[in-house]
Amino acid sequence: MILLAGVVIAVAAVAPIAVHWLTNPPDQRLVDIDVYRAGGDAVLRGAPVYAFLTEPPQLLPFTYPPFAALLAVPLALLPWGTVQVLWVAAIYLALAVCVWYGFRPLLRRVGRYAPIALGVLVGVLAYLQPVQDQARFGQVGLFLMALCVADCATPNPRWPRGLLVGLATAIKLVPGVFLIYFLITGRREAAGNAVLTAAAATLASFMVLPGDSLDFWFDAVMSSDRAGANNATTNQSLNGMLLRLYWPDAVTTLVWLAAVAAVAYVGFRLARRASLTSDLLDGGRRNGPGAYSAEMAGIAIAGLLSVLLSPIGWVHHLVWVVLVLGALVGDGRDTRRCLVAAGIGVFFAFRIPWMGTRWIGEGHSAIERLTGRIVQDAFGLMAVALVLLLGVWLVNRLMAHRDQCGPSPDQVSADTLAS
């Protein structure tokens with residue numbers, strides 16, 4: 001009965017969103033899953049995967065690696081209406097998986113009522129803008145996040161650690177950021193497994209789709225414009241924020257490269273610090289609430305970096321905020337952490353970047369236009385702030401709590417690992 005109650009709560013909460021987007025005008029409905037399905041159809045017909053465009057008014061090309069096109073073949077075999085319903089249902093199932101991992105300490109604390117707590121969390125987090133956009137466009141972001149967090153956070157996986165990250169990277173290149181995360185946290189075997197898995201999937205795609213593979217790796221992958229206007233408000237990556245300043249192209253490129261280098265250096269150091277801190281907490285039990293929150297912070301930072309460092313980081317890519325909130329909440333005993341998480345959740349529940357676009361047109365003062373540009377970049381700037389919040393404030397707070405409780409002698413000797 002408790003499990004059923006949790007399912008009912010989640011379904012009741014997400015139903016208005018699902019129904020809204022499933023009844024959107026046909027030419028605006030789940031446009032990204034339409035792209036995936038068209039890619040699978042191109043494979044079945046033997047047509048060039050990277051040459052087609054979807055029906056007007058969208059006219060969208062396929063931008064993912066050939067392996068993703070192969071995985072999309074079953075979508076082309078099902079009726080379009082069936083695909084829409086199944087895909088949206090799968091999106092919320094993937095969200096439940098991500099919440100299960102992200103909020104594990106809290107769910108463990110509530111014990112037998114965990115299914116109800118999970119249902120409530122899924123229902124609430126479904127209203128975050130990045131998560132809503134997953135259902136709006138029929139995206140894969142939550143699936144990829146579920147693969148990555150399961151691979152990184154499962155204590156003793158039944159599969160070779162790195163396998164799921166490798167699959168995610170073969171489907172879409174951006175999760176490859178977790179190869180770096182594995183390396184900087186000392187999990188070289190997992191990194192090797194991820195590389196081998198991604199390479200095997202890519203080579204298999206070459207064998208099945210040699211022409212399309214050549215088209216992707218030597219043409220499409222280098223054309224970021226295929227995914228849409230890079231300076232659009234919805235692009236909240238460092239590149240998108242800089243492009244909206246409309247500086248000369250050469251200046252923008254130089255500043256972007258410098259910004260990517262700086263954010264990557266600081267971000268990955270903080271991700272490593274968070275992950276290694278988990279060894280110092282809860283008596284060395286990496287699965288304890290403090291240690292788990294530290295590890296989740298490292299995973300969330302890596303996910304945020306995948307959005308910030310990419311040339312294109314759409315708002316729906318920022319679903320990593322779900323794990324950010326999980327890391328901050330922990331087991332729910334720290335009121336200040338919970339309040340910070342609540343504030344961040346409220347922030348991402350509104351379409352704040354589009355509010356800024358109202359102040360950047362003609363007829364507005366210079367101060368209004370400047371304010372508008374800052375607000376337009378709100379989600380991207382918040383993502384940068386969250387990297388610092390998790391890697392500095394949260395880790396320091398976790399370590400301070402441990403010190404108040406009294407570290408064990410072997411923990412004291414290991415303190416330098418977290419610096």
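# A guided tour of the model

Select Leu173, Leu214, Phe218, Val221 and Met222: together they make a nonpolar patch of about 500 Å² on the surface. Keep in mind as you look around that this is a predicted model.

**Stop 1: from the patch into helix H13**

Stay with Leu214 from the patch and color the helix around it. Leu214 sits in helix H13, which covers residues 210-218. Is Leu214 buried, partly exposed or exposed? Its relative accessibility is 46%, so Leu214 counts as partly exposed.

Now select Asp212, Ser213 and Phe216, the buried residues of H13. They lie on the same side of H13, because they cover an arc of only 100° around the axis. Here is a handy rule for looking at such patterns: an α-helix has 3.6 residues a turn, so residues three or four places apart point the same way. To see what covers the buried residues of H13, show helix H3 (66-71) and helix H12 (188-208), which are among the parts that do this.

**Stop 2: salt bridges**

There are six salt bridges in the model, counted as a side-chain nitrogen of Lys or Arg within 4 Å of a carboxyl oxygen of Asp or Glu. Let's visit some of them.

Begin with Arg187 and Glu295, and show their side chains. In this salt bridge, the closest N and O atoms are 3.1 Å apart. Which parts of the chain does the pair tie together? Arg187 is in the loop between helix H11 (177-184) and H12, while Glu295 is in helix H16 (residues 289-308), so the pair joins parts that are 108 residues apart in sequence. Arg187 counts as buried, with 17% relative accessibility. Glu295 counts as buried too, at 7%.

Next, select Asp377 and Arg244. Their side chains meet in a salt bridge, with 2.7 Å from N to O. This pair also links distant parts of the chain, 133 residues apart. You will find Asp377 in the loop between helix H20 (366-376) and helix H21 (378-405), and Arg244 in the loop between helix H14 (238-243) and helix H15 (249-277). How accessible is Arg244? Its relative accessibility is 1%, so Arg244 counts as buried. Asp377, at 9%, counts as buried as well.

For another salt bridge, pick Asp331 and Arg333, where the N to O distance is 3.1 Å. Try a surface view here: Asp331 is buried, with a relative accessible area of 17%, whereas Arg333 is exposed, with 58%.

**Stop 3: helix H10**

Move to helix H10 (residues 163-171) and select Thr169 inside it. Thr169 is buried, with a relative accessible area of 10%. Which residues does Thr169 touch, once its neighbours within four places in sequence are left aside? The contacts are Pro175, Gly176 and Ala198.

In helix H10 you can also select Ile171. At 17% relative accessibility, Ile171 counts as buried. Leaving aside neighbours within four places in sequence, Ile171 is in contact with Tyr64, Pro65, Phe67, Ala68, Leu71 and Leu144. If your viewer has a distance tool, try it between the C-alpha atoms of Ile171 and Gln58: they are 22 Å apart, while the two residues are 113 places apart along the chain.

**Stop 4: unusual backbone**

Before this stop, one piece of background: most residues other than glycine have a negative phi, and most peptide bonds are trans.

Select Pro56 and Pro57, and look at the peptide bond that joins them. This bond is cis, with omega near 10°. Pro57 is in the loop between helix H2 (31-45) and H3.

In that loop between H2 and H3, select Leu59 too. Leu59 is not glycine, yet its phi is positive, near 55°. Leu59 is partly exposed, with a relative accessible area of 44%.

Then go to Leu30, in the loop between helix H1 (2-22) and H2. Leu30 has a positive phi of about 45° and is not a glycine either. Is Leu30 buried or exposed? With a relative accessible area of 0%, Leu30 is buried.

**Last stop: confidence**

Finally, color the chain by pLDDT. The chain averages 92, and 93% of the residues score at least 70. Now select residues 407-419, where the pLDDT is below 50. Beyond near neighbours in sequence, this stretch has 18 contacts in the model. Where pLDDT is low, the predicted coordinates should not be read in detail.

Note on methods. Residues numbered from 1 in each chain as written. Predicted model: local features only at pLDDT ≥ 70, side-chain atom pairs only at ≥ 80, totals over all residues. Heavy atoms only, no water. Patch = residues over 30% accessible without salt bridge, like charges linked within 9 Å, V, L, I, M, F, W, Y side chains within 5 Å. Areas by Shrake-Rupley, 256 points an atom, 1.4 Å probe, with all protein chains shown as cover. Helix = DSSP H or I, 4+ residues; strand = E, 2+ residues; numbered from the N terminus. Buried < 20%, exposed > 50% of the residue type's maximum accessible area, 1.4 Å probe, protein only. Arc of directions from axis to C-beta. Contact = heavy atoms within 4.5 Å. pLDDT = per-residue confidence, 0-100.
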